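Please open the model in your viewer and keep the sequence panel beside it. The stops below each suggest a selection and then describe what is found there.

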Amino acid sequence: RHGSTLLTIKRAGRYFPEIEKILKEYGIPDDFKYLACAESDLSNAISPAGATGFWQIMEGTGREYGMTINKEIDERYSLEQSTIFACRFFRKAYERYGSWTMAAAAYNNGTNGLDEQVEIQKEKNYYDLLLNEETARYIFRIAALKIIISEPEKYGFSLRESDIYKPIPYDEVTVDTVVASFEQFARSYGTNYKMLKFLNPWLRKPFLTNTAGTEYIIRIPREGSRGYTGL
């Protein structure tokens, strides 16, 4: 998967800083950022089963953890909110198993599936458990991604510094009213719809009904952001 791995390395420069910050805030080991690489190649992917976003969250599970998911707002597409979801899951799984490796395995297999195998096999160590093929290689795939992303040239990925995507500078605006048109909203802040959606992919419609007056934080690109690599 040379092509997708190359893209993941490029995207890491843009998305790792935000993921690392949230992992640190929740006391999750920094290496868990590589789970997002394994799950989605650091993109808002959608699996055949409907798992969505950087952290591949199913709709029911997202709602269970308090995420807003509807036709207009889907926080699974928000890097910030989906990473917070993942951190909450990791913390809960760690408290359950007493092992970060098992917490990572639970993210892939689900706690119910992992619990079933622990009960059948009377083992609590990931490396001693017989698991389905995907979960059995999950930790090793994450480790491989860490090694490659940390030293890409050593493994045949030659990139210049200018090839690495950079974080997009932005400011935040709080919205608690109806937005009739995000195209017009974007223009009023000196940007366009494309840039607004790039920074806020969780906005699923070109408008926001928001009859409840809920507060949403919308990212507005700073002047010159369009010139950043990857846009």
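Select Asp-41, the residue that follows H2, and check its backbone: its phi is positive, near 60 degrees. Helices here (H or I, at least four residues) and strands (E, at least two) are DSSP runs, numbered from the N terminus. The model is a predicted one, in which local features need pLDDT of at least 70 and side-chain atom pairs count only at pLDDT 80 or more, while totals for chains, interfaces and linings use all residues. Residues are numbered from 1 along each chain as its sequence is written, and side-chain values use heavy atoms, with hydrogens and water left out.

Step back from Asp-41 into H2 itself, which is mostly covered, with seven of its eight residues buried; buried means under 20% relative accessible area, exposed means over 50%, and partly exposed lies in between (1.4 Å probe, protein chains only). The residues to colour as buried are Lys-33, Tyr-34, Leu-35, Ala-36, Cys-37, Ala-38 and Ser-40. If you then display what covers them, the cover includes H1, H4, H5 and H7, where contact means heavy atoms within 4.5 Å.

From H2, move to H5, where seven of the 10 residues are buried, so that this helix is largely enclosed by the rest of the structure. Select Met-102, Ala-103, Ala-104, Ala-105, Ala-106, Tyr-107 and Asn-108 to show the buried residues of H5, and add H2, H4, H6 and H7, which are included in what covers them.

Next, bring up the largest nonpolar core, which has 50 residues, those with the most contacts inside it being Ile-19, Leu-35, Leu-42, Trp-55, Phe-90 and Tyr-107. A nonpolar core is a set of buried Ala, Val, Leu, Ile, Met, Phe, Trp, Tyr and Cys residues joined through side-chain atoms within 4.5 Å. At least two residues of this core come from each of helix H1 (2-25), helix H2 (33-40), helix H4 (79-97), helix H5 (100-109), helix H6 (111-121) and helix H7 (133-150). H4 gives the most to this core, with nine residues.

Within that core, centre the view on Ile-19, which, leaving aside its neighbours within four places in sequence, is in contact with Lys-33, Ala-36, Leu-42, Trp-55, Leu-79 and Thr-83. Apart from the largest core lies another one, of 15 residues, and Val-179, Ala-186, Leu-196 and Ile-218 are among them.

Now pick Leu-79, which is found in helix H4 and counts as buried at 9% relative accessibility. Residues up to four places away in sequence aside, Leu-79 touches Tyr-15, Glu-18, Ile-19 and Phe-54. A distance drawn from Leu-79 to Ile-9, 70 residues apart in sequence, comes to 17 Å, C-alpha to C-alpha.

Two further stops return to the backbone. Most residues other than glycine have a negative phi. Gln-56, although not a glycine, has a positive phi of about 50 degrees; look for Gln-56 in the loop between H2 and helix H3 (59-64), where this residue is buried, with a relative accessible area of 15%. Then go to Lys-122, a residue other than glycine whose phi is positive, near 55 degrees. Lys-122 lies in the loop between H6 and H7 and is exposed, with a relative accessible area of 60%.

For a stop where distant parts of the sequence meet, select Arg-204 in the loop between helix H9 (193-199) and strand E2 (216-221). At 34% relative accessibility, Arg-204 counts as partly exposed. Which residues does Arg-204 touch, not counting residues up to four places away in sequence? They are Lys-71, Glu-72, Ile-73, Asp-74, Tyr-77 and Lys-197. The C-alpha atoms of Arg-204 and Asp-74 are separated by 6.8 Å, although the two residues are 130 apart along the chain.

Finally, zoom out to the whole chain, which has nine helices and two strands, following the pattern α-α-α-α-α-α-α-β-α-α-β along the sequence. Along its principal axes the C-alpha trace spans about 60 × 45 × 30 Å. Buried residues make up 46% of the 231 residues, and among contacts between residues at least 6 apart in sequence, 60% join residues at least 24 apart.
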